[in-house]
Amino acid sequence: MQKSFLLISLLCVIAFLHLFPVEGGTGQTIVGDLNIDPVLGLDASETRFRYLSSFCLDPRNGDMYVADDHFNKVFKIDHQTNVVSWFAVAVDSNDNIYVMDNGVYVLRMIRASNGNIERVAGTYTTICSDGNCGDGGSALSAKLTAVKNIEIHPITGDIYLAEANRIRKISGGIISTVVGAFGRNYDSLVTGAWANPLDVGIAPTRISFSPTGQLYFNDGSSYWSMRTLKDGLVRPVSGFLISTTDRFNYNGEDLLPTKVKLSNPTSVFLDSNGNVFVGCSGTSSTTGGENDARIVKVDVNSNTASTFIGTLTEASAISENTIRTKTSLKPYASIYTGLYTPFGIHVTPNGDVYFADPSRYVIRMYNATLGTVSTIAGTMNTVCTDSICDNGQPALSAHFKLPTSIFVTDDGTIYVSDTQLHQIRKIQNGIITAIAGTGTQCTTAGSNTCDHGSTSPLRVDLYTPMGIYVTKSGEVYFADTSNHKVRKISSDGLTITTVAGSAGNCASGTCATFSASATDSTAKLFYPTGVVVNETSGSIYIADQGTHTIRVVSSNGSMSVYAGTFPGMAFNDAGATQFSAEGSSKYLNLPTSIFLKDNSIYVTEPVFGRVRRVTQNCRAGYGGDNCETPICFEILATYSTVCSGNGACIESDTCQCNAGSSGSNCSQTTSNCRSGFYGSNCEISNCYGKFSNDSSVCSGHGRCNSTDSCSCSPNYFGGNCQITTCFNTQSNDSS
């Protein structure tokens, strides 16, 4: 109550100071106005207060100021409009009260210890009209603009001011700008970018701090996105940076993965650390206009999703060697109505990210070492117009027709599905070549006549190939999408075979069942767009988009449904959040791209804007592709860290330790110790199942010298010091 009274008292005194300001023993008449820009914008009769403790009237114009103890805020009620707004006021940890007097461009303080009013910043002069306004000098000599909000840093106690185009800080009496470029009220800061805070245009009206002192503020120039300042950099965290209306496909940065909005996610890739990268092909665009094509990263450690590559604006001219969050991607439409094409991405173990920019006809790469994005293949914004497309030439001068899926091998060779060229192409040592397809579309979709009776990859007519996967041994698997097949190129590049699908297609969905052979006449696919191989078991997983299923070709050659059923789920289907195994009633809808990691298949559903995970239901203690791999203490047997890295997992929670290791999880190291001794210095022995550093060893009555050899304390006997005497009778004597 006392604090609210002081707040209102200060405001009333300041109102009089506009007529007769007194400071430092001198007085003068000042013409001023307390007309603060309204923020709440509500009629006073419609505003709900909680605990109104004090109020006063401005004697000059009748405006009313009221203090609400519940909100710890002072509100202003304009006497002409009856509109309620916040008043720029703050209280520090010592109960000193700060109020911005925008009528004379001065920040004042009422000192709690004695009630004196002091000027903290501002000069009573006209509004600041240049870029410096006193930054770097005494706040008492600085010029201020209209201040909308004041906040006190929770740790340092510094004063922060939200001015028209920037946020300023007063620390130790010195004023400086921390965010904002003076005179700029529109921000070109891209989605997700950490940027120089002094090089962005903002229009803040509210400031807030986290308990650890991280600064958050709203930004009217970017249509009320919230920004954050961390480690000297600024970035947007929510809201819409481009459009004044709600965007269906973007809702901010650093979000929970299940809360982020994705625009046509058509590719997924998991890096070696388990981080999930999602390629979003976006929606329609116009040059220089809005777009929502981007690559999103789900960080496994923070469990947040943020833009990794991309902006919310499409640039007509693309620069090279740009930072990833200033790199514009161009949305592209599907080739056929209702068919989604992959937006190819591949992440290498060192963090480089390769991706296709299909509508610009190029392959680009984010270099993790340099932190920049550049083109590595194709000619920007120039489509190939023939069936050769510069095969045999340097990749940077070559042309694509529509590069979609990509795969990068450990030696840096890049494989590309050039979908509208109807070829699989390879980039090696900077030279691009064709490895499958004639460059001519198969005119009888699904028919074996397009193979021309040949097994040579370069003599077979493909039809919009998409998803691609290359094994460690060099075999290339790809989806021959509109031919409704999955093909394999031998590691020597000389032979092409069909590994799934046959003549015709599975348009009715009735053939999305079990087939003893994945290539017999009854085994049919319908627009497969994604493929991945489990190189341990030999199983092939296929995103069969047309049948709304994931199919699996087992190592024995049979094909079955791994997840989903025909037809796919509708938008209002109750199963929209569920998966299925074969025979269940759950659904997928137009699965486009898949990725295999550990015991899970990751699949994109662009129609629902999400990535889902399918995990096989194995019996307890087992996992893997066919539930045949044991799990020891929550780690799959195929992982190098199983059994503490010192043994093999032979059954569920059963480790077979290597020489020199022991314990249920092989966590105890005994290497370089003679038999029966353990520990880093071989100082630990074991007596009757207990280690010598256990207080209960030798029944708690002796010392373990070596294996099963105890030195007993006085009056104790037996091999394990388990016997004592009472009145000359041993404790193990039943008499």
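Guide: A residue is called buried when its relative accessible area is under 20%, and exposed when that area is over 50%. These cut-offs are applied here to a predicted model.

Visitor: What makes cysteine 721 count as buried?

Guide: The relative accessibility of cysteine 721 is 0%. Buried means under 20%, and therefore cysteine 721 counts as buried. Cysteine 721 is found in the loop between strand S56 (716–717) and strand S57 (723–726).

Visitor: Why is asparagine 429 called exposed?

Guide: Asparagine 429 has a relative accessible area of 76%. Exposed means over 50%, so asparagine 429 is placed in the exposed class. This asparagine also lies in a loop, the one between strand S31 (423–428) and strand S32 (431–436).

Visitor: What is notable about the phi angles of asparagine 429 and cysteine 721?

Guide: Most residues other than glycine have a negative phi. Asparagine 429 is not a glycine, yet its phi is positive, at about 55 degrees. For cysteine 721, likewise not a glycine, phi is positive and near 55 degrees.

Visitor: Why is aspartate 158 said to have no salt bridge?

Guide: The nearest side chain of opposite charge, that of lysine 169, is 4.3 Å away from aspartate 158. A salt bridge requires a side-chain nitrogen of Lys or Arg within 4 Å of a carboxyl oxygen, and therefore aspartate 158, although buried, has none.

Visitor: How do you know that aspartate 158 and serine 171 form a polar contact?

Guide: Their side chains are joined at 3.1 Å. The cut-off for a pair of N or O atoms is within 3.5 Å, so the pair qualifies as a polar contact. Leaving aside neighbours within four places in sequence, aspartate 158 is in contact with several residues, including Glu151, His153 and Ile170. Aspartate 158 itself is found in the loop between strand S12 (149–152) and strand S13 (159–162).

Visitor: How do you know that S8 and strand S9 are paired?

Guide: Three bridges join S8 to strand S9 (residues 97–101), and the two run antiparallel. Pairing needs at least two bridges, so S8 and S9 pair. Valine 91 stands opposite isoleucine 97 in S9.

Visitor: What makes strand S8 and strand S11 edge strands?

Guide: They belong to an open sheet of four strands in the order S8-S9-S10-S11, with antiparallel pairing. Strand S8 (89–91) and strand S11 (117–121) each pair on one side only, and they are the edge strands. From one strand to the next, the twist averages 25 degrees.

Notes: Residues are numbered from 1 along each chain as its sequence is written. This is a predicted model: local features need pLDDT of at least 70, side-chain atom pairs count only at pLDDT 80 or more; totals for chains, interfaces and linings use all residues. Side-chain values use heavy atoms; hydrogens and water are left out. Buried means under 20% relative accessible area, exposed over 50%, partly exposed in between (1.4 Å probe, protein chains only). Axes are lines fitted to C-alpha atoms, for helices over the stretch in contact, and angles run from 0 to 180 degrees between N-to-C directions. Lys and Arg count as positive and Asp and Glu as negative; His and the chain ends are not counted. A polar contact is a pair of N or O atoms within 3.5 Å; within protein, one must be able to donate a hydrogen and the other to accept it, and residues adjacent in sequence count only if both atoms are side-chain atoms. Contact means heavy atoms within 4.5 Å.
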